[in-house]
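Got a minute to go through a model together? Here it is, so have a look before we start.

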Amino acid sequence: NPATLTDLYGISIASVRCVINMFLDAVDHDDSFAPLQVELPNQNNDEELHELAQKWCNVSTAYGLFNGHLGAIDGWLPRTEMPYDVPNQVDYFSGHYQCYGLNVQAICDPDLIFLFLGVVVAPGKVNDVRAFLRCDLLIEWLQKLPPEFFIGGDNAYSLSRRILIPFSGA
């Protein structure tokens, strides 16, 4: 919230917005600084895929049960104010969290580095599996993975050959 940052740092809302936009532009468009890049691994590069899967095995306590695991997917609802410039404001209200927001889909690696972010894929009312189905780039990437690789998710997603749901329930 820009007003909160204004209070914390004692700068104007215009300055806060400018800094936020500069940061987002750096993340979205400046490919000169690799640590800020959010990108899925190359599905045609077996070495890169095996290295990522091995990193997951190294931090896992599942004793090799999840060989080929490349990432963890989940949805997140960042709270927003009620939008005024959309045709159906109710779509942005999450009944589960009792607030307005967006359904953001994200995949991370074992170091908690983002490999994928789908920020404006769905309003807050939309559940994770429906929001996931709007992530065309991610679905295309998953379909092109070699058969031994997959991502893991919670039971908000549908079990498939590319998304494993190792646990159900709470």
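What follows is a chat between a biologist and a modeller about this structure.

Biologist: Before anything else, what kind of model is this, and what pLDDT do local features need?

Modeller: It's a predicted model, where side-chain atom pairs count only at pLDDT 80 or more, totals for chains, interfaces and linings use all residues, and local features need pLDDT of at least 70. Residues are numbered from 1 along each chain as its sequence is written, and side-chain values use heavy atoms, with hydrogens and water left out.

Biologist: In what order do the elements run from the N terminus?

Modeller: Helices (H or I, at least four residues) and strands (E, at least two) are DSSP runs, numbered from the N terminus. By that count there are 5 helices and 7 strands. Their order is α-α-α-β-β-β-β-β-α-α-β-β.

Biologist: How much of the protein counts as buried?

Modeller: Buried means under 20% relative accessible area, exposed is over 50%, and partly exposed is in between (1.4 Å probe, protein chains only). The protein has 170 residues, and the share of them that counts as buried is 35%.

Biologist: Which residues join Lys 55 in a salt-bridge network?

Modeller: A salt bridge needs a side-chain nitrogen of Lys or Arg within 4 Å of a carboxyl oxygen of Asp or Glu, and the count here is 3. One of them pairs Lys 144 with Glu 140 at 3.2 Å, N to O. Shared partners then put Lys 55 into one network with Asp 109 and Asp 111.

Biologist: Why does the pair of Asp 109 and Lys 55 tie together separate parts of the chain?

Modeller: The two side chains meet in a salt bridge at 4.0 Å, N to O. Lys 55 sits in helix H3 and Asp 109 in the loop between strand S4 (99-108) and S5, so the pair ties together parts whose separation in sequence is 54 residues.

Biologist: And Asp 109 itself, is it buried or exposed?

Modeller: Its partner Lys 55 is partly exposed, with a relative accessible area of 30%. Asp 109 has a relative accessibility of 6%, so the label is buried.

Biologist: How far apart are the closest N and O atoms of Lys 55 and Asp 111?

Modeller: Asp 111 counts as partly exposed at 47% relative accessibility. In its salt bridge with Lys 55, the closest N and O atoms are 2.9 Å apart.

Biologist: Which residues does Pro 123 contact, leaving aside neighbours within four places in sequence?

Modeller: Pro 123 lies in strand S5 (residues 114-123) and is buried, with a relative accessible area of 12%. Contact means heavy atoms within 4.5 Å. With those neighbours set aside, the list is Asp 91, Tyr 92, Gly 101, Leu 102, Asn 103 and Arg 134.

Biologist: Which residues make the nonpolar surface patch?

Modeller: Patch residues have over 30% relative accessible area and no salt bridge; like charges are joined within 9 Å, and nonpolar side chains (Val, Leu, Ile, Met, Phe, Trp, Tyr) within 5 Å. Phe 114, in strand S5, is partly exposed at 40%. The patch covers about 420 Å² and is made by Val 38, Phe 114, Leu 117, Val 119 and Val 120.

Biologist: Last one: which residues form the negative patch?

Modeller: Asp and Glu count as negative, Lys and Arg as positive, with His and the chain ends not counted. Glu 47, found in helix H3 (residues 46-59), counts as exposed at 64% relative accessibility. The patch is formed by Glu 39, Glu 47, Glu 48 and Glu 51.

Definitions and conventions:
Accessible areas come from the Shrake-Rupley method with a 1.4 Å probe; for residues, only the protein chains shown count as cover. The place of a charge is taken as NZ of Lys, CZ of Arg, CG of Asp or CD of Glu.
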